[in-house]
Amino acid sequence: MLALVGHADMNAIKQALRGIGTAVRSRPWFFVAVALGVFALDIVVPPLVLTLARKPVTAFTINPWLPSLPDYLASGPGSLGERFTKAWGLALFWFSADNSFGLEWGFAVTTADLARFTFMSLLVAAYFALWMQRRAALPVAPWGRRAGGSGGVLGAVGGIFGLSTGGCTVMGCGAPVLPVIGLAFAGLSSTTIKWLSELSTIGTSAVFIGLVSAVGWLGYRTGRR
């Protein structure tokens with residue numbers, strides 16, 4: 001019985017992957033354009049929001065230690081796991097704005113952030129490629145158009161929600177992870193910052209789970225065809 005269930009699960013996964021591959025191959029340039037667009041927004045929107053709400057960007061810095069990263073991973077101090085853990089949380093580049101007292105705000109992108117941005121971009125692009133593939137295959141009927149339209153709206157809302165509430169690494173706000181919209185308001189209490197940080201983590205996880213489920217389901221339905 002367990003073998004049958006496992007076999008069915010493997011078939012479902014294969015069908016989902018086949019459906020995703022079909023949708024991406026059918027619209028490769030659309031997939032690439034959406035993925036690059038979402039990835040760019042993930043990086044550009046936070047400093048843009050902070051520029052409008054707090055103060056314009058005054059500096060963009062790439063971590064000068066990055067050229068030494070390969071040597072550190074290969075033969076640096078500590079175990080290999082410890083070195084990879086530190087590299088995972090390493091700030092690769094950051095935007096910042098100065099004031100007369102020092103740092104007004106800062107937005108840094110770590111290795112983990114970059115991986116999350118990439119994964120989110122691919123998920124959103126796969127979702128819309130699958131949605132378009134599914135919609136094109138539906139019969140030309142009012143219920144089909146409504147179903148396709150509802151899926152597109154949900155996908156768009158999911159993408160926007162992910163961009164606006166995703167946890168962002170910030171500097172000078174008193175918390176390691178905080179939605180940029182929270183950093184846009186000066187003078188937040190430590191309790192509010194902690195609450196926003198926790199909400200950011202929950203929101204990001206919910207978006208990932210929702211998009212993975214939607215992509216898997218649409219991929220399965222497309223693969224069955």
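**Warm-up.** Are Phe95 and Phe107 buried or exposed? Phe95 is buried, and Phe107 is too; buried means under 20% relative accessible area and exposed over 50%, with partly exposed in between (1.4 Å probe, protein chains only).

A word on the model before we go on. It is predicted, so local features need pLDDT of at least 70 and side-chain atom pairs pLDDT 80 or more, while totals for chains, interfaces and linings use all residues. Residues are numbered from 1 along each chain as its sequence is written, and side-chain values use heavy atoms, with hydrogens and water left out.

**Exercise 1.** Work out how the rings of Phe93, Phe95 and Phe107 are arranged.

*Step 1.* Start with the rule: rings of Phe, Tyr and Trp (its six-membered ring) pair if their centres lie within 6.5 Å, and planes under 30 degrees apart count as stacked, over 60 as edge-to-face and the rest as tilted. The whole structure has 8 such aromatic pairs.

*Step 2.* Take Phe93 and Phe95: at 6.4 Å centre to centre and 85° between the planes, they are edge-to-face. Phe93 has a relative accessible area of 15%, so it is buried.

*Step 3.* Now Phe95 and Phe107: the centres are 6.3 Å apart and the planes sit at 20°, so this pair is stacked.

*Step 4.* Put it together: Phe60, Phe93, Phe95 and Phe107 make one aromatic cluster.

**Exercise 2.** Find out how the backbone brings Phe95 and Phe107 together.

*Step 1.* Locate them: Phe95 is in strand S2 (residues 91-99) and Phe107 in strand S3 (residues 102-110), so their pair ties together parts 12 residues apart in sequence. Strands here are DSSP runs (E, at least two residues), helices are runs of H or I with at least four, and both are numbered from the N terminus.

*Step 2.* Check the pairing, which takes at least two DSSP bridges between strands. S2 and S3 run antiparallel over 8 bridges, and a hairpin of 2 residues joins them.

*Step 3.* Look across from Phe95: Phe107 in S3 stands opposite.

**Exercise 3.** Which helices each supply at least two residues of the largest nonpolar core?

*Step 1.* Define the core: buried Ala, Val, Leu, Ile, Met, Phe, Trp, Tyr and Cys residues joined through side-chain atoms within 4.5 Å. The largest one has 19 residues, and Met120, Val124, Leu211 and Val215 have the most contacts inside it.

*Step 2.* Name the helices: H2 (28-53), H5 (111-137) and H8 (190-224) each supply at least two residues. H5 gives the largest share of this core, 9 residues.
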